[in-house]
Amino acid sequence: MKKKFVAIIFMSILAVLALVGCNSEAADTGNANTSDETSSNQENASNEDTSKNDEPLTVVWYPNESGNELKAARDALGSLISEATGREVEHKLTTDYAIAIETIANGNAQVAFMGAQGYIEANEKSSDVQPLVVPSGASGTLDDAVYYSWLAVPKDKAEEYKTNGEFDINKIAGKRFSFVSASSTSGFKVPSEAIVSHFGEQEEYKDLTAEDLAESNDLFPEVLFGDSHQGSAVNMLMERSDVSAFCDTCVSNYVELVEGEANTPGAVYKVKDDAAAPFNNLTGKEFTLISVTPVLNAPFVVNQSVLSPEEITALEEAFTSDETANNEEIFVPEGSETPGLFEKSEGGNERFVTAEDAWFDPIRELSK
């Protein structure tokens, strides 16, 4: 794989992470496409302060985190939020990124878990949308708070994407390509900008833009969107697409590493035998990574216009507490069979840490 493919994005992300690391120690839209879950956590909430807002608090989730297999993980976070604010929590599940973004931006939800690109779009719609926390890396800080954007192909086709034994990004030209959503950080924004950066140096594609990749174009004769990371992966496994973009964390509950080093080109993953939908009919299918790019971790965000400063402070304290960091319903131990949203690596110090708006500038810069 050509080094230029990831250089711009990788270096910009590392530069900001280094800056943050130096200072870390000092420191109802859409009815058809959404559904609601109510956490029965009110009995745990403090009723001592009768002046508190007793209206339900809504958390909106992307399609990637809206599956039934993650209900227990959502409920654990709902309990955390309910106990911190003294309010019942309702979970708004979605099948569309745009609905989640609009719901938090217009104040129909108080809290959202979303990718960096989605946060940036929501923040542009309303400056009241601000980051609350992000899951750290194994260091317990922002220094390594990244996940990975993958380009993957069926294992039996992997050799087609090599030149002289090395993966060559030029080989994706002319292929059917699947992204996640135009509002996905690791499923569109990062890979599309990297692809344009690479192919833009070639005369044939010098006028290609990231926006062009959202539909059939000179590079990709057919472009699909999976609407979730799981959906984009399924497009590739079902051979609707030749190459798919999706992220590691969003499919980690469904696949397992069977060959190579995790998050590196050449790594082979297999769909688990007990994988839940939409992978339940694809068990045993294998795919190979041909490109891997680091991406800033996804934040929990709040809409400050529909939460009091006291509630926001209480949420921040609850999320960043040692108790939460050690809660195995929230940070699932590595190797656990229990599906989760966040994983605690062996010997790792993963936890929630605060992050300022400027931390997301490397992703914001990709849109300029």
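Visitor: Where is valine 332 placed?

Guide: You'll find valine 332 in strand β16, which covers residues 331–333. Keep in mind that what we're looking at is a predicted model.

Visitor: What makes valine 332 count as buried or exposed?

Guide: Its relative accessible area does. Buried means under 20%, and valine 332 has 6%, so it is buried. Leaving aside neighbours within four places in sequence, valine 332 is in contact with Thr338, Pro339, Gly340, Phe342, Glu343 and Lys344.

Visitor: How do you know that those residues are in contact with valine 332?

Guide: The word applies when heavy atoms lie within 4.5 Å, and the six names I listed, Thr338 among them, are in contact with valine 332 in that sense. There's also a long-range pair here: valine 332 and alanine 73 are 259 residues apart in sequence, with 9.2 Å from C-alpha to C-alpha in space.

Visitor: Let's move to the helices. What makes α3 oblique to α4?

Guide: Helix α3 (residues 97–105) and helix α4 (residues 116–125) pack at about 40°, and their axes are 9 Å apart. Roughly parallel needs an angle under 35 degrees, and roughly perpendicular runs from 65 to 115. The angle of about 40° falls in neither range, so α3 is oblique to α4. The crossing of the two helices is right-handed.

Visitor: Which residues of α3 and α4 make the contact?

Guide: From α3 come Ile101, Glu102, Ile104 and Ala105, and from α4 come Gly118, Glu121, Ala122 and Lys125. Sorted by class, that contact has four nonpolar, one polar and three charged residues.

Visitor: Why is α3 called mostly covered?

Guide: Buried means under 20% relative accessible area, and seven of the nine residues in α3 are buried. They are Tyr97, Ile99, Ala100, Ile101, Thr103, Ile104 and Ala105.

Visitor: What is found at the start of α3, and what comes just after?

Guide: At the start, a side-chain oxygen of aspartate 96 reaches to within 2.7 Å of the backbone nitrogen of alanine 98. Just after α3, glycine 107 takes a positive phi of about 85°.

Visitor: How many residues of helix α6 are buried?

Guide: In α6 (residues 229–237), nine of its nine residues are buried. Among them are His229, Gly231, Val234 and Leu237. Glutamate 239 follows α6, and its phi is positive, near 60°.

Visitor: What makes asparagine 164 worth a look?

Guide: Most residues other than glycine have a negative phi. Asparagine 164 is not a glycine, yet its phi is positive, at about 55°. This residue lies in the loop between β7 (162–163) and β8 (166–167). Asparagine 263 also has a positive phi, of about 60°, without being a glycine, and its place is in the loop between β12 (255–259) and β13.

Visitor: Is asparagine 164 buried or exposed?

Guide: Exposed means over 50%, and asparagine 164 has 78% relative accessibility, so it counts as exposed.

Visitor: And aspartate 156, buried or exposed?

Guide: Aspartate 156 has 61% relative accessibility, so this one counts as exposed. Aspartate 156 is found in the loop between β6 (146–154) and β7. Its C-alpha is 8.3 Å from that of glutamate 286, though 130 residues separate them in sequence.

Visitor: Which peptide bond is cis, with omega near 10°?

Guide: The one from alanine 277 to proline 278. Most peptide bonds are trans. Proline 278 lies in the loop between β13 (268–271) and β14 (286–296).

Notes:
Residues numbered from 1 in each chain as written. Predicted model: local features only at pLDDT ≥ 70, side-chain atom pairs only at ≥ 80, totals over all residues. Heavy atoms only, no water. Axes fitted to C-alpha atoms, helices over the stretch in contact; angles between N-to-C directions. Helix = DSSP H or I, 4+ residues; strand = E, 2+ residues; numbered from the N terminus. Parallel < 35°, antiparallel > 145°, perpendicular 65-115°, else oblique. Left-handed = near helix turned anticlockwise from the far one by under 90°. Nonpolar A, V, L, I, M, F, W, Y, C, P; charged D, E, K, R; others polar. Buried < 20%, exposed > 50% of the residue type's maximum accessible area, 1.4 Å probe, protein only. Polar contact = N/O pair within 3.5 Å; in protein donor to acceptor, adjacent residues only side chain to side chain.
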